[in-house]
Amino acid sequence: MQGGGFKQMFSYGSVFKSAVLRHVRLVNPVLVSRPLMFVRQETTSTARIEEHGFESTKISDILKGKGKGADGSWLWCTTDDSVYDAVKSMTQHNVGALVVVKSGENKSIAGIITERDYLRKIIVQGRSSKSTKVGDIMTEENKLITVTPETKVLKAMQLMTDNRIRHIPVIDQTGMIGMVSIGDVVRAVVSEHREELNRLNAFIQGGY
């Protein structure tokens, strides 16, 4: 369902953009009658609009907007914590996932635990959240789908929809630096989409 919604949103944006640019090229008689060198200028302007569109937005842009402590970017639990305590922490901080680190001094990343893990592996199976450890139900590190700060937002959205996940860790050469949710990604796309429509409108009115 999510994947279909995203595809419709992108399809709408592409159709809108194509229609606007077609309107500029074909309907405006001034543009039609321009000499060749002016047509070349129009093409350059169009390319500039393309390169500033939401296709260029990166995960690093989302992390900057979230800030270091926002929306669970740095919330974690250990493999030895009870599932009950992990879910309680999610509820208190209004997040849907926690990074899981290994117990001990190292504190290296072991995996991730999400609301879905709790529902599928505790509630549905009738297990006790207080006697079950996080390490028993988490998604292990070697199975994690991750992105880097340089990953394009649209690529991250594709990974999340293709793998049916709602949270994705952000990793760089130093380790994990944050986590983004499907909500973060959608908000970023909607914001950039709105700005692109404004740029197209300015282009039509002679703002470029």
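A residue is taken as buried when its relative accessible area is under 20% and as exposed when that area is over 50%. By this criterion, 38% of the 208 residues of the protein chain count as buried in what is a predicted model. The chain holds nine helices and six strands, and, among its contacts between residues at least 6 apart in sequence, 59% join residues at least 24 apart.

Four of the strands are assembled into an open sheet with the order 1-2-3-4, in which the pairing is mixed. Strand 1 and strand 4 (139-140) occupy the edges of this sheet, each having a single partner strand, so that one side of each is left without a neighbour in the sheet. The pairing of strand 1 with strand 2 is parallel and extends over three bridges, and one residue pair in this arrangement is C77 with V100, the latter being the bridge partner in strand 2. Two helices are placed against the sheet. Helix 5 lies across strand 1, strand 2 and strand 3, and its direction makes about 135 degrees with that of strand 2. Helix 6 also packs on the sheet, where it touches strand 3 and strand 4, with a direction at about 75 degrees to that of strand 3.

The burial pattern of helix 5 (residues 83-93) can be described residue by residue. V83, A86, V87, S89 and M90 are its buried residues; they span an arc of only 155 degrees around the axis, which places them on the same side of helix 5. An α-helix has 3.6 residues a turn, so residues three or four places apart point the same way. On the other side of helix 5, T91 and Q92 are exposed. The packing partners of the buried residues of helix 5 comprise strand 1, strand 2 (97-101), strand 3 (109-114), helix 6 (115-123) and helix 7 (134-137). After helix 5 comes N94, a residue with a positive phi near 55 degrees.

The loop between helix 4 (59-66) and strand 1 (76-78) includes L75. When neighbours within four places in sequence are set aside, L75 is in contact with H93, V95, L98 and V99. A further spatial relation links L75 to G178, for although 103 residues separate the two along the chain, their C-alpha atoms are 9.1 Å apart.

Strand 5 (residues 167-172) and strand 6 (residues 175-181) run antiparallel and are joined by six bridges, the connection between them being a hairpin of two residues. Within this pair, D172 has G175 as its bridge partner in strand 6, while I171 has M176. Five of the seven residues of strand 6 are buried, and this strand is therefore largely enclosed by the rest of the structure. M176, which is found in strand 6, has a relative accessible area of 18% and is therefore buried, the limit for burial being 20%. The C-alpha atom of M176 is separated by 9.4 Å from that of S108, a residue 68 places away along the chain.

Helix 8 (residues 153-162) has V153, A156, M157, M160 and T161 as buried residues. These residues cover an arc of only 130 degrees around the axis and consequently lie on the same side of helix 8. Helix 8 is followed by R164, for which phi is positive and near 55 degrees.

The packing of helix 8 against helix 9 (residues 182-204) takes place at an angle of about 140 degrees, and the two axes are 10 Å apart. Because angles over 145 degrees count as roughly antiparallel and those from 65 to 115 degrees as roughly perpendicular, helix 8 and helix 9 are classed as oblique to each other. The crossing of helix 8 past helix 9 is left-handed. At this contact, V153, L154, M157 and M160 of helix 8 meet I182, V185, V186 and V189 of helix 9.

Note on methods. Residues numbered from 1 in each chain as written. Predicted model: local features only at pLDDT ≥ 70, side-chain atom pairs only at ≥ 80, totals over all residues. Heavy atoms only, no water. Pairing = 2+ DSSP bridges. Buried < 20%, exposed > 50% of the residue type's maximum accessible area, 1.4 Å probe, protein only. Arc of directions from axis to C-beta. Contact = heavy atoms within 4.5 Å. Axes fitted to C-alpha atoms, helices over the stretch in contact; angles between N-to-C directions. Parallel < 35°, antiparallel > 145°, perpendicular 65-115°, else oblique. Left-handed = near helix turned anticlockwise from the far one by under 90°.
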